[in-house]
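I opened this model to look up its pockets, one helix contact and its aromatic pairs. The entries follow in the order I made them.

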Amino acid sequence: MKYWWVNHKQTFNEELSGGYIWSPKANKNGARNQTYINLTLASTGDRIFSYANGEIKAVGIVSHLFEEKQKPSDFGKTGDQWDNNGWLVQVNWTMLSSFVKPKDHISTIAPLLPERNSPIQKNGNGNQSCYLAEISIDLGSRLLAIISNRETAITGVLYDLEKDANENEIEHDIKQLQIAETEKEQIIKSRRGQGTFRINVEKIESGCRITGITDRRFLVASHIKPWRDSDNTERLDGSNGLLLSPHIDKLFDNGWISFSDDGLMLIASNEISDILQAWKIDSNKCVGSFHERQKNYLGYHRKNIYRGT
């Protein structure tokens, strides 16, 4: 995973609303511009900091590799001087509720700025000649730490966005497989808890083990071993699934809770105690026994997804 910093004062609103970044392929005089070429180097799952008017206002996750695209029509007259031929990278953005001014943290940021194609100057002023800059893991981590001090939920939000981007890439690869189209369709549907996978889960599970809800209209078929980590057989295996109420699915999918083989609910952190109380979830609840194949998947979940020890 790489970290990037985009300076897009002129097109901030359009690119945030549209879920992308775009640049021409070259400067107006036709000269090579590394900060434009950088769009072709961004990979799915990379993180991007959005900077405009002296502030970092959003963080995004690259959701698809670059495409050759004409200048977006929603730019209007902005960038009339630019070459219309360019590159577009799709980004899942999340706006920050509290913007970060790099100038306020320049003493810790400046030593980590790249020597070439830096997005801002050592004094904290923006670098207008730079569009998309690659920054180091150290600088990216430092910026996330600053943001996290203001917004503790940002880590979880980015995790969800990264997961979605990763699964988009897997889905794209599945579509290229030399297998029957109906099989591809069922594997892809299973990502969303639908189709054959859900039918297979419902043969084993009758309702949400925590809330007791049995009306399947209000339940999610959730993978125990995540879809992104499973092979195509595991993605359709009913033993790799639970029927969960949506809010319980959120906790389980993000590793805040898990289950022991004998049915005890495991709580990863006191951080969610208020959530459990508000949702009236009994943390001492025993959810019942699991059969052996379910236990194998639960072992994976406890080891790789569960946030606790």
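I take strands as DSSP runs of E with at least two residues, numbered from the N terminus. The model is predicted, and I read it as such.

Entry: largest pocket. I looked up the volume and got about 560 Å³. The lining comprises 20 residues, and those closest to the centre of the pocket are N7, K9, Q10, Q128 and C130. Next I asked which elements each supply at least two residues of this lining. I found β2, residues 20-24, and β3, residues 47-52. Of the elements, β2 gives the most, with three residues. I then sorted the lining by class and noted eleven polar residues, eight nonpolar and one charged.

Entry: second largest pocket. Its volume came out at about 390 Å³. I noted 15 lining residues, with A153, G156, W256, E271 and R307 nearest the centre. Two or more residues of this lining come from each of α5 (154-175) and α9 (246-253). I checked which element gives the most to the lining of this pocket, and it is α5, with four residues. The class split I recorded is seven nonpolar, four polar and four charged.

Entry: α5 again, now for its packing. Two packed helices are described by the angle between their axes and the distance between the axes. For α5 and α6 (residues 181-190), I found axes that come within 10 Å and cross at roughly 170 degrees. Angles over 145 degrees count as roughly antiparallel, so α5 is roughly antiparallel to α6. I listed the residues that make the contact: E171, I174 and K175 on the α5 side, and K184, I187 and I188 on the α6 side. By class, I wrote down three nonpolar and three charged residues for this contact, and no polar ones.

Entry: aromatic pairs. How many does a search of the whole structure find? I got nine. I looked at one of them, the pair of W5 and Y51, in detail. The ring centres of W5 and Y51 are 5.3 Å apart, the planes are at 50 degrees, and the pair is classed as tilted. W5 sits in β1 (residues 3-7) and Y51 in β3, so this pair ties together parts that are 46 residues apart in sequence. I had already met β3 as a supplier of the lining of the largest pocket.

Terms used. Residues are numbered from 1 along each chain as its sequence is written. This is a predicted model: local features need pLDDT of at least 70, side-chain atom pairs count only at pLDDT 80 or more; totals for chains, interfaces and linings use all residues. Side-chain values use heavy atoms; hydrogens and water are left out. On a 1 Å grid over the protein atoms alone, a cavity is a set of points where a 1.4 Å probe fits but cannot get out, and a pocket is an open set with protein on both sides within 12 Å along at least five of seven lines; lining residues have an atom within 4 Å of a point. Grid points are joined across faces, edges and corners, and a volume is the space filled by probe spheres set on the points. Ala, Val, Leu, Ile, Met, Phe, Trp, Tyr, Cys and Pro count as nonpolar, Asp, Glu, Lys and Arg as charged, and the others, Gly among them, as polar. Axes are lines fitted to C-alpha atoms, for helices over the stretch in contact, and angles run from 0 to 180 degrees between N-to-C directions. Angles under 35 degrees count as roughly parallel, over 145 as roughly antiparallel, 65 to 115 as roughly perpendicular and the rest as oblique. Contact means heavy atoms within 4.5 Å. Rings of Phe, Tyr and Trp (its six-membered ring) pair if their centres lie within 6.5 Å; planes under 30 degrees apart count as stacked, over 60 as edge-to-face and the rest as tilted.
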